[in-house]
Amino acid sequence: MLVALVNEAADARRLREAVDPTLSITWCRRADELVGLASQAQLVLAEPLDADGTPVADAISQLRARAPHLPVIAYAGLAPASVRALASMAAHTLHSVIIRGVDDSRATLREVIHDAMARACETQFWHSVIPVIPSEAHGIVRYCIQQAGYPLTVSMLAHAVGLPERTLNARLRRSKLPSAQELIAWSRLVRVSCLLHNPTLTLEVVAERLGFATPSAVNALVMRLLCVTPSALRRAGAVSRTMEALRARLTG
């Protein structure tokens, strides 16, 4: 569910047209309503000021305390009062900011929403696995997950974390973790799962967004690591199933 605090009817229509039909929207116009509605939200989109002119920053702070990984998108105009309120709102970690009349086309809104949900999903994965990863390997695993939206090689990973490839793999062995190549594969699977969580995205779209050569390459990755097809993974709950399998692999 998307919880949206949007004051103008035209903006609400634009948002409704941009959002996938499978994602329901619950509308509100006041900051106190936003806090009450967001407990079941997958995503929050809010203007910096509510219908009464009250800044939304305090409401976002409360949301962050209750759900630190919940993606929040600001939808702001360029009026001075809105810009000032946006600055306060941004202090509570926004996934993205959309400026009314500048970058709020339907295509841009759709892309920003998809990206915010995917990044929140990655954060959820990271906080799930960090308790089972030795501290000396935190930077390696985190970089893999953060860069999983693009093809990544062992040499690129080694360069990014400032280690020779041999030392990189030695550190992972010492930490009782999979090899760098396997970690990269699992990280790619994390991002695939985050996109499969959206039922409207086809395997072709997932492959294109993540830089896979073909949809068959996505299928092969899922089959190799989880022994199921992408469609079966989606039905089983892609995010929870992958999170469970990844934790088991890291602790096995």
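This note goes through the sheet, one helix, a surface patch and the salt bridges of a predicted model.

1. The sheet. Five strands make up an open sheet, and their order across it is S2-S1-S3-S4-S5. The pairing is parallel. At the edges are strand S2 (25–28) and strand S5 (96–99), each of which pairs on one side only. From one strand to the next, the twist averages 20°.

2. One pair of strands. Strand S1 (residues 2–5) pairs with strand S3 (residues 43–46) in the parallel sense, over four bridges. To find one of these contacts by residue, start at Leu-5: the bridge partner of Leu-5 in S3 is Ala-46.

3. A helix across the sheet. Helix H4 (residues 80–90) lies across S3, strand S4 (72–76) and S5. The angle between H4 and S4 is about 170°.

4. Two residues of H4. Ser-82 lies in helix H4, and so does Val-83. Which of them is buried, and which is partly exposed? Ser-82 counts as buried because its relative accessibility is 12%, under the 20% cut-off. Val-83 has 41% relative accessibility and therefore counts as partly exposed, since that class lies between the 20% and 50% cut-offs.

5. What surrounds Ser-82. Neighbours within four places in sequence are set aside here. Ser-82 is then in contact with Pro-48, Leu-49, Ala-76 and Gly-77.

6. A nonpolar patch. Val-83 also belongs to a nonpolar patch on the surface, together with Leu-78 and Val-102. Together the three residues have about 300 Å² of accessible area.

7. Salt bridges within a helix. The whole structure holds eight salt bridges. One of them joins the side chains of Arg-14 and Asp-11, at 2.9 Å from N to O. Both residues lie in helix H1 (residues 9–18), three residues apart, which is about one turn of the helix. Arg-14 is partly exposed because its relative accessible area is 26%, whereas Asp-11 counts as buried because its relative accessibility is 5%.

8. A salt bridge between H10 and H5. Arg-209 forms a salt bridge with Glu-111, and their closest N and O atoms are 3.9 Å apart. The pair links distant parts of the chain, as Arg-209 is in helix H10 (residues 203–210) and Glu-111 is in helix H5 (residues 106–129), 98 residues apart. Arg-209 has a relative accessible area of 31%, so it is partly exposed. Glu-111 is partly exposed too, with a relative accessible area of 44%.

9. A salt bridge between a loop and H8. The side chains of Glu-136 and Arg-174 meet in a salt bridge of 3.2 Å, N to O. This pair also links distant parts of the chain: Glu-136 is in the loop between H5 and helix H6 (138–146), and Arg-174 is in helix H8 (residues 165–174), 38 residues apart. Glu-136 is partly exposed because its relative accessible area is 32%. Arg-174 has 52% relative accessibility and therefore counts as exposed, the cut-off being over 50%.

10. A network. Which residues are joined into one network by salt bridges that share partners? They are Asp-11, Arg-14, Glu-47, Arg-100 and Asp-104. The pair Arg-14 and Asp-11 from point 7 is thus part of this network.

Methods. Residues are numbered from 1 along each chain as its sequence is written. This is a predicted model: local features need pLDDT of at least 70, side-chain atom pairs count only at pLDDT 80 or more; totals for chains, interfaces and linings use all residues. Side-chain values use heavy atoms; hydrogens and water are left out. Two strands pair if DSSP finds at least two bridges between them. Axes are lines fitted to C-alpha atoms, for helices over the stretch in contact, and angles run from 0 to 180 degrees between N-to-C directions. Contact means heavy atoms within 4.5 Å. Patches are made of residues with over 30% relative accessible area and no salt bridge: like charges are joined within 9 Å, nonpolar side chains (Val, Leu, Ile, Met, Phe, Trp, Tyr) within 5 Å. Accessible areas come from the Shrake-Rupley method with a 1.4 Å probe; for residues, only the protein chains shown count as cover. A salt bridge is a side-chain nitrogen of Lys or Arg within 4 Å of a carboxyl oxygen of Asp or Glu. Buried means under 20% relative accessible area, exposed over 50%, partly exposed in between (1.4 Å probe, protein chains only).
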